[in-house]
Amino acid sequence: MVTESPWHLEKLISEIGGIIWESDTKDLVCTFVSEQAQTILGYPTEHWVRDRHSWLEAVHPEDRERIAIRVRAAVAQGRDCDVDLRALTSDGRVIWLRAIVHMVRDREGHVVGMRGLVVDISQRKAHERELFLQQARLANIIGSAIDAIITIDSHQNITLFNEAAERMLRISADKVLGKPLMQFIPENFRDQHAEWVRAFGNGNVARRRMGGLGEITALRADGTRFPAEASISKVETNGERSYTVILRDITERKRVEGELLASEQRLQAQYRSLPIPTYSWQKQGEDFVLVGYSDSAEEVVGGRMGPML
C-alpha cells in the first residue's frame, strides 16, 4: 500500500482548484475545509471549522431550501450527488459553484458524514447565459420572420421549421421535424432538387441570395402549388453539414404583376384604337423621342411610324 506524508497530502489539497471539505450530516457543519475556501468564498477556514458555521449559510437564500432538501434526500438514500448552486462571498458577490457530494460510511455501511469538492463555475454559467440569450434572440428573429425559414441536415431532413413556414406550407412544425424536405417539392422537380442541393453542398459558394435561384415552385401540405423565391446557405459544424432555406411566397406579387400587365395592355389597346391620330413623345436629353402612337396616326402616314420608334 502506498502511503503519503501529511505534508504531501496538504500540498496536494492546496493545489486543487476547488474546495475540499467534510461535514456532518445532522447540522451540515464542516469538520474540514481546505484553504481554497478563502480564495473562492472569502471566508477563512476557521469560519467553518472552529466557529462551526453550516456550509448552507454560504448558499444564496433563493437556493438554500432547494439545496438543503436535495442533500438531505441524498443522505437519507445513502447516495452521492452533485448540485449547481449560487453562493454569496464574504463581500456580497454572487458566484456559481458546483458541489460534488460523497457519502462517508462506517464499517456497517451507515452514512456518518459527507465529503466532497466544490469548484467555481461562474465563468461557465456566464457563457451558458450568454449562449442562452443569443439563442433566445435568434429564436425571436426566426419566430417573427415573415419568410419561411427551414433548416435541413445533410440527409435533407428538416431540423428547424419556423412559424412563417407553418403558415406558408399549412402544417405544424411537430409534424415535419425529422421528415424529408421533399414533401414540399413537386414530384416532377424532386430529383432535380436533390441533385442541386448535393452540388451546392460540394461547391465553394456558402450562400445564394433571395431570388438568386430564380422563381421556383413549392408545394403546400394540402397539395396546392405556389410560386416562390428562395435563398440558401450552408454551414458545417463538427463535421455535420446543414442547410438553411429562406422561402418567400410570391403568389400575391405575381397576382399584382399580372393585374398591372393586363391593365397596361388594356390601356395600350385603348390608346391604339383612338380615332384621332395621337402621338406620345418622351424627352431624352435635349431631344424628344416618339414612343407611341395610335393606329389612326399610322394610317395617316401610310404605316411608316414603326421605324421612327
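The following paragraphs lead through the secondary structure, the nonpolar cores, the aromatic pairs and the cysteines of this chain.

The model is a predicted one. The chain contains 9 helices and 13 strands. Of its 309 residues, 32% are buried. When contacts between residues at least 6 apart in sequence are considered, 39% of them join residues at least 24 apart.

The interior may be approached through its nonpolar cores. The largest of these has 29 residues, and those with the most contacts inside it are Leu41, Trp55, Ile67, Leu85, Leu97 and Met114. Two or more residues of this core come from each of several elements, namely strand S1 (19-23), strand S2 (30-33), helix H2 (36-41), helix H4 (61-77), strand S3 (81-88), strand S4 (94-105) and strand S5 (111-120). The surroundings of Leu41 give a local view of the packing. With its neighbours within four places in sequence left aside, Leu41 touches Ile19, Trp48, Ala58, Ala87, Leu88, Thr89, Ser90, Ile95 and Leu97. Another core, of 23 residues, lies apart from the largest one, and includes Leu169, Ala173, Val176 and Ala228.

Ala228 also leads to a strand pairing, as this residue stands in S10 opposite Ile216. Strand S9 (residues 216-219) and strand S10 (residues 225-237) pair in the antiparallel sense, over 4 bridges. The hairpin that S9 and S10 make has 5 residues between the strands, and in it Gly223 adopts a positive phi near 95°.

The aromatic residues provide another route through the model, which holds 5 aromatic pairs. One of these pairs is formed by Phe161 and Phe184, whose rings are stacked at 5.8 Å centre to centre, with 25° between the planes. Phe161 belongs to strand S7 (residues 158-161), whereas Phe184 sits in the loop between helix H6 (163-169) and helix H7 (190-202); the pair therefore ties together parts that are 23 residues apart in sequence. Both Phe161 and Phe184 are buried.

The pair of Trp196 and Phe200 is likewise described as stacked, because the ring centres lie 5.4 Å apart and the planes stand at 5°. These residues are 4 apart in helix H7, so about one helical turn separates Trp196 from Phe200. How do the two partners stand with respect to solvent accessibility: buried, partly exposed or exposed? Trp196 has a relative accessibility of 32% and thus counts as partly exposed. Phe200, by contrast, has a relative accessible area of 5% and is buried. Ring pairs also bring in Tyr243, so that Trp196, Phe200 and Tyr243 are linked into a cluster.

Charged side chains meet aromatic faces as well. Lys234 lies over the face of Phe200, at 5.1 Å from the ring centre. Elsewhere, Lys125 lies over the face of Trp96, at 4.5 Å from the ring centre.

The cysteines remain to be considered. A disulfide is a covalent bond between the sulfur atoms of two cysteines. How many disulfides does a search of the whole structure find? The search returns 0. Cys30 counts as buried because its relative accessibility is 4%. Cys81 is buried too, with a relative accessible area of 5%. Both values fall below the limit for burial, which is under 20% relative accessible area.

Technical notes: Residues are numbered from 1 along each chain as its sequence is written. This is a predicted model: local features need pLDDT of at least 70, side-chain atom pairs count only at pLDDT 80 or more; totals for chains, interfaces and linings use all residues. Side-chain values use heavy atoms; hydrogens and water are left out. A disulfide is a pair of cysteine sulfur atoms within 2.5 Å. Buried means under 20% relative accessible area, exposed over 50%, partly exposed in between (1.4 Å probe, protein chains only). Two strands pair if DSSP finds at least two bridges between them. A nonpolar core is a set of buried Ala, Val, Leu, Ile, Met, Phe, Trp, Tyr and Cys residues joined through side-chain atoms within 4.5 Å. Contact means heavy atoms within 4.5 Å. Rings of Phe, Tyr and Trp (its six-membered ring) pair if their centres lie within 6.5 Å; planes under 30 degrees apart count as stacked, over 60 as edge-to-face and the rest as tilted. A charge sits over a ring if NZ of Lys or CZ of Arg is within 6 Å of the ring centre and within 35 degrees of the ring normal.
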